[in-house]
Amino acid sequence: MFNFIKKIANGIEIHTLRTKLIISFLIIGLLPILLFGFLSFNVYSGAINDRINNYSQEMVNRMKRDLEDYITEVERFLSKEQDFYINQFIKLTQANDFRNSRKYAFRIWEDFNNVKQLRPGLKDVAITFQDGRRISSYGTYNIDIDNFKESLYADESDETFFTQPYINYFQEEVVTVARYYYPEIAEENVLISADIDLDVLADLTDFNLGEKSYFLIADQNGDIIYHPEKSKIGERSFYYSDGFPDRKVSLKGEQYLLTSTYSEVTGWYIISMASADEVEAELNYITNLTIYMTIIVLILIILLTLYLSSSLSKPIQKLQELTHRASENDLSVKIEISGDDEIAELGQSFNKMIRRINKLMEQNVREQKFLRQLEMESLDNQIKPHFIYNTLDLIIGLLENKDFDRATHMVEALGKFFRLSLSHGKEMVLIRNEIKHVKNYLFIQQFRHGEEYEYIIDIEDPEIMDKHIPKLILQPIVENSIYHGLLPADKKGLIIIKGLRKNKNIYFKIVDNGVGIAPEKVEEINKILKGELKIDDQQKYFGLRNVNQRLKLMYGGNSGLKVESVENEKTMVTIRIDQRGGK
Amino acid sequence: MFNLYSCKNNANKILLFVVLFMIIMCFSADAGAEISSKNTADSDKMTIAFVPRSLENPIFLDAFEHSQKKAVDLGINLEWLGSFSFDSEKQIKIIDSLIERKVDGMIISVNDTPKYDRIINRAMEAGIAVATFDADAPNSNRIFNIGIDNYEAGKVTAEGLLKVLDQKNIDYNDPDQELRTMIMTGVKGALNLEKRINAFLDTVADTNIVIEDIVENQDNVNLAVELLEQYVQKNPDIDIIFFVGGWPFYVPAEALPNFRNWAQNGGVAVGIDIFYDALVLQDRGLIHYLVGQDMATMGSKGLSTLYNYIKYGVKPPEYIKTGLEISNQENLDRLLRIHQPWRVK
């Protein structure tokens, strides 16, 4: 898994600073938005669901109240104690006394029609005899009493009866509410009933829950009493389950929120069917709004991210490019600085660094050139015509004296001397070879000057023999010792060359027991060597200054020469090579 | 062995079973749909429905009473159905429900308008025998009409008026002194009422009686009282009022103060329809001459005639006339004893 992510990350160059910035900004920007959107959506959807449930419950409760108020009023009318006119009508009708019953009939018609006027939605009010004769607000007629009684079912009080919806005598869709009436003056009881228009139930349930949402009324058995689709009236409801518990139900592939209440007055359930689609339409709106807002914010974040990452990474990319070019030896690069932020400071530092490198490069070139010049001068100094001619004259004298062995040695020593001086043009040579070079020189000079002096070469640390040092370091010093120390003295001369290593420094001490140097002169020489004193005559102390300058160029200021002398006793030149400063 | 006879026998049994099952299913489906669609407990009885113009008009109570008596005698399920106040739409709806329930016959009091003709014809086409009583629809296919000779009633009323004027020494021939008259009728289009008005106008044509206004009360008793009171208050100088029907006579004299004042100041009122309340008003001097209809005969004879037509195919004459009753000062006391008050005290 990690490898897979890594592959994808590599695929989209996640390692680039710009990509990292984009991803970081996106995560920082997007996560809060998504979190906020998710939370607010959940909170809002919960609130809407609660509101719909409360609204549905409130609606069905209100319908229940309205329905019970209406039915109670009808029941109050039907619950007559004793009515003189009805009693008289019943008695006279049972006796077929039409002459006297007609005025009571008229009165009953009048009363019943007044009741209809006062109770909108009442289609008919009637008194029905046990034989099916009926007087109602529409006159007198006969009904099938057995069928009518069969259709009645009692409410919880067992005193009021209801029918299922049906088409009444006048082709009207009604529900009948009935109660028994027991006249005092007649043996036979009658039924007083009221036909309630189904439109009353429609009006009671005429609350707008939505286009698909609706209300229905069902009896205790779940048989539908009112439904907006009239064909459903009388059918057993699918959702009846020992009542109508509140829940989510499915109808024709759609979800509905069922909310119900039970009316004890009527024994009916008032049921709200709120379409989940319509309820969630508002949620969908919020969902879409959240999505659109998230997309807009996402686009804004992406644009902002691109801008920010670009503005941040572009100078860095430029810096990277220029650094790369600089690393490829293009030191002409320069960053155009704009602004004063950290990246601008970095650019300034980069430019400063490039300038410094350029200066150092130029300095190095100058120093190398100077070093070459010093080397050449050192070589020139060695190939003095006088030295060569005398040496060659000595060799000729030896050949004339047929001292071939010594002549051979001289030629050999001279050849080695020059060969080691040139060292195939190399700048650095092994100390071993430098020592050999000095030995050759001393051999030649000893022969030339009649062995007036001895020399000792003492290398304390043999390991330094394999170290490299600039060539022609020792010979000029030894030459000075011979010509300025030993030859002017009237005693047997001795030159000691010591080589040692101490604390990463290689020291060579060239000591002679010659005439020495006056202290003020020693001081002058050392000042010149330290650069504290300038001289106009470039030939003055040429050998010392040449070696000293070369060492300082190659090994830094700590390296160089130091002269110590006791007049008429000895002179010691110390060569210090600080290896830590070597190039 | 394959038995062709037994196979055929089995097929017949299955067919019989299927037919019986279908018949049972049809009946059971009907019973569930309409609780009261079956007419009576005794469905063998003939059912004939009377449809008066309204229940609130007590003039029909005589017909109601006597039709019930006759129904008992003939063993008929009698229905008496109507809207409380006259409403042609509701009346047609009631007739429509009777057609739906397939009653055997109906006797109705209607307006002479095409929509009534259509519903009557539809009932006839459905096999329901239809007759009219009181008000007729002669352009329909109804079998017969039973009622008074409305032209005669109007004529007799006009003649009675002239007699009253004579008794009051009011000259109805003086061309220089017009007797301004208001006619109160029910609704235009009621043929019986139109005939009465025409007869009245024909009879007084050669007099100085002139018709000032014709007021329609929409067959509504309460509206009739209200219109009458308003009219005489606005037109106290009106000389004569002819009531084509007895709509405003159902209230006591105290309920007609303007009309009473007008009568006491010499106004002459005549009208058609005799019943107890109208006679009381006549007795108190508010009305001077009444011509009555024999509504009882309309109820009883109308029912028996239609019964005979349905049961025995006895074709009645198109018009069956019932007699007129006249109420004047000479027979008023006797009539007050005969006619019963319709209102429950």
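Begin with the crossing of α10(A) and α11(A), which is left-handed in this predicted model. To display the pair, select residues 404-422 of chain A for helix α10 and residues 431-448 of chain A for helix α11. The two helices pack at an angle of about 140°, and their axes lie 9 Å apart. Angles over 145 degrees would count as roughly antiparallel; α10(A) and α11(A) are therefore oblique to each other.

Next, show the side chains where these helices meet. From α10(A), select M410(A), A413(A), L414(A), K416(A), F417(A), L420(A) and S421(A). From α11(A), add N433(A), K436(A), H437(A), N440(A), Y441(A), F443(A), I444(A) and F447(A). Coloured by character, the residues of this contact comprise 9 nonpolar, 4 polar and 2 charged.

Move now to chain B and select residues 295-312, helix α10 of that chain. At 1.5 Å a residue, its 18 residues should span 26 Å; the end C-alpha atoms are 25 Å apart, which agrees. Buried residues in α10(B) include M295(B), M298(B), L303(B), L306(B) and Y307(B), together with the glycines G299(B) and G302(B). K301(B) is also buried. Step just past the end of α10(B) to G313(B), where phi is positive, at about 75°.

Finally, display both chains and turn to the contact between them, to which chain A contributes 33 residues and chain B 31 residues. On the chain A side, select α4 (98-118), β3 (139-142), α5 (145-151) and β6 (166-167), each of which supplies at least two residues. Of the elements on this side, α4(A) gives the most, with 9 residues. The chain A residues that touch chain B divide into 14 nonpolar, 12 polar and 7 charged.

How values were computed
Residues numbered from 1 in each chain as written. Chains lettered and ligands numbered in written order. Predicted model: local features only at pLDDT ≥ 70, side-chain atom pairs only at ≥ 80, totals over all residues. Axes fitted to C-alpha atoms, helices over the stretch in contact; angles between N-to-C directions. Helix = DSSP H or I, 4+ residues; strand = E, 2+ residues; numbered from the N terminus. Parallel < 35°, antiparallel > 145°, perpendicular 65-115°, else oblique. Left-handed = near helix turned anticlockwise from the far one by under 90°. Contact = placed C-beta atoms within 7 Å. Nonpolar A, V, L, I, M, F, W, Y, C, P; charged D, E, K, R; others polar. Expected span 1.5 Å × (residues − 1). Buried ≥ 20, exposed ≤ 12 C-beta atoms within 10 Å, placed from the backbone.
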